[in-house]
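Hi,

Here is the structure I promised to pass on. Have a look at it first, and my notes follow underneath.

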Amino acid sequence: MTGKWSPTQYLKFADQRTRPARDLLAAVPTVEVRRAVDLGCGPGNSTELLIHRWPEADVSGIDSSQEMIVSARERLPRPKFDVADIASWQSAPEYDLIFANAVLQWLPDHRALLPRLAEGLASGGTLAIQVPDNLMEPSHVGMRKAAEDSRWKTRLKDAAGERTEIMTPAEYYDALMPHFDHVDVWKTIYNHPLKGIDGIVEWFKSTGLKPFLARLVNEERDAFLDLYESIIAEHYPVQRDGTVLLAFPRLFIVAMKS
Ligand SMILES: C[S@@+](CC[C@H](N)C(=O)[O-])C[C@H]1O[C@@H](n2cnc3c(N)ncnc32)[C@H](O)[C@@H]1O
């Protein structure tokens with residue numbers, strides 16, 4: 001019940017949202033990539049990076065949202081984009097790169113999921129992942145607090161659970177090493193400059209807030225967002241020029257087979 005993904009809302013912050021994908025890709029070693037897949041490709045912004053780096057490669061993308069796939073096809077006519085769920089995605093060992101930027105936080109049980117993804121890699125292949133590590137940030141604590149309001153508490157009781165609690169770097173390392181020869185895990189905290197507190201609300205409307213908003217009717221959504229904004233405001237002071245810095249920790253993993 002995450003609700004529909006909106007390419008337009010997501011791309012309001014296209015440049016800042018694509019930066020972690022660029023940083024993830026920069027950590028993928030210089031290897032020859034003949035086949036690559038972008039899991040949870042969204043509107044194709046991350047796929048475009050793969051094509052720029054390996055213009056000769058056969059690059060494809062999958063996403064569970066029809067709207068996102070339509071948007072990706074409009075952006076990039078050449079790659080094959082399909083509507084598909086990563087939960088049931090499985091491949092023969094044919095990819096040199098499996099790229100999953102900002103998507104696996106919506107899938108449960110990473111201990112079972114990651115070895116399954118690894119099976120799709122050819123020898124020498126790389127699995128590159130970035131997941132938000134922000135469930136304990138004021139932005140997300142605030143969503144759960146707003147969901148406690150008696151007007152919608154019962155209906156929102158399962159909303160927060162749609163996001164998977166990611167593991168620690170040490171747990172990812174142990175989970176991946178049996179399937180790879182080299183595992184690099186690191187964390188980066190971005191400080192995204194946004195226009196006022198409203199900018200934070202707009203940012204999360206297309207991602208973290210979706211499971212909450214999808215369970216509310218129209219008038220309630222505005223009331224929920226007003227309450228949410230009032231809860232998080234004290235945690236995001238306004239800079240002298242009116243900007244608010246959204247601190248956003250993200251976990252990166254680059255795992256390679258030899
Ligand atoms: C935050 S966007 C990331 C888009 C892009 N990869 C990027 O780097 O900006 C997350 C995308 O994951 C997709 N998604 C969520 N759950 C999915 C699943 N189970 N299988 C495939 N795609 C999924 C959503 O539809 C959405 O387009």
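Of the 258 residues of this protein, 54% count as buried. Please keep in mind that the model is predicted. The accessible surface comes to about 12,000 Å², and carbon and sulfur atoms make up 51% of that surface.

As for the overall build, the protein has 10 helices and seven strands. Its radius of gyration is 19 Å, close to the 18 Å that the globule rule gives for 258 residues, so the protein is as compact as a globular protein of that length. If you want a feel for the dimensions, the C-alpha atoms fill a box of roughly 55 × 40 × 40 Å along the principal axes.

The contacts are worth a look too. Among those with a separation of 6 or more, 78% are between residues 24 or more positions apart.

On charges, there are 30 positive and 36 negative ones in the protein, and their mean positions lie 2 Å apart.

One residue you may like to find on screen is Arg116, which sits in helix α5 (residues 110-118). Which side chain of opposite charge is nearest to Arg116? That is Glu119, 7.2 Å away, and Arg116 has no salt bridge although it is buried. Leaving aside residues up to four places away in sequence, Arg116 touches Ile86, Ala87, Ser88, Trp89 and Gln90.

Happy browsing, and write back with any questions.

Best wishes

Note on methods
Residues numbered from 1 in each chain as written. Predicted model: local features only at pLDDT ≥ 70, side-chain atom pairs only at ≥ 80, totals over all residues. Heavy atoms only, no water. Helix = DSSP H or I, 4+ residues; strand = E, 2+ residues; numbered from the N terminus. Rg over C-alpha atoms; globule rule 2.2 N^0.38 Å. Buried < 20%, exposed > 50% of the residue type's maximum accessible area, 1.4 Å probe, protein only. Contact = heavy atoms within 4.5 Å. Areas by Shrake-Rupley, 256 points an atom, 1.4 Å probe, with all protein chains shown as cover. Lys, Arg positive; Asp, Glu negative; His and termini not counted. Charge placed at Lys NZ, Arg CZ, Asp CG, Glu CD. Salt bridge = Lys/Arg side-chain N within 4 Å of Asp/Glu carboxyl O.
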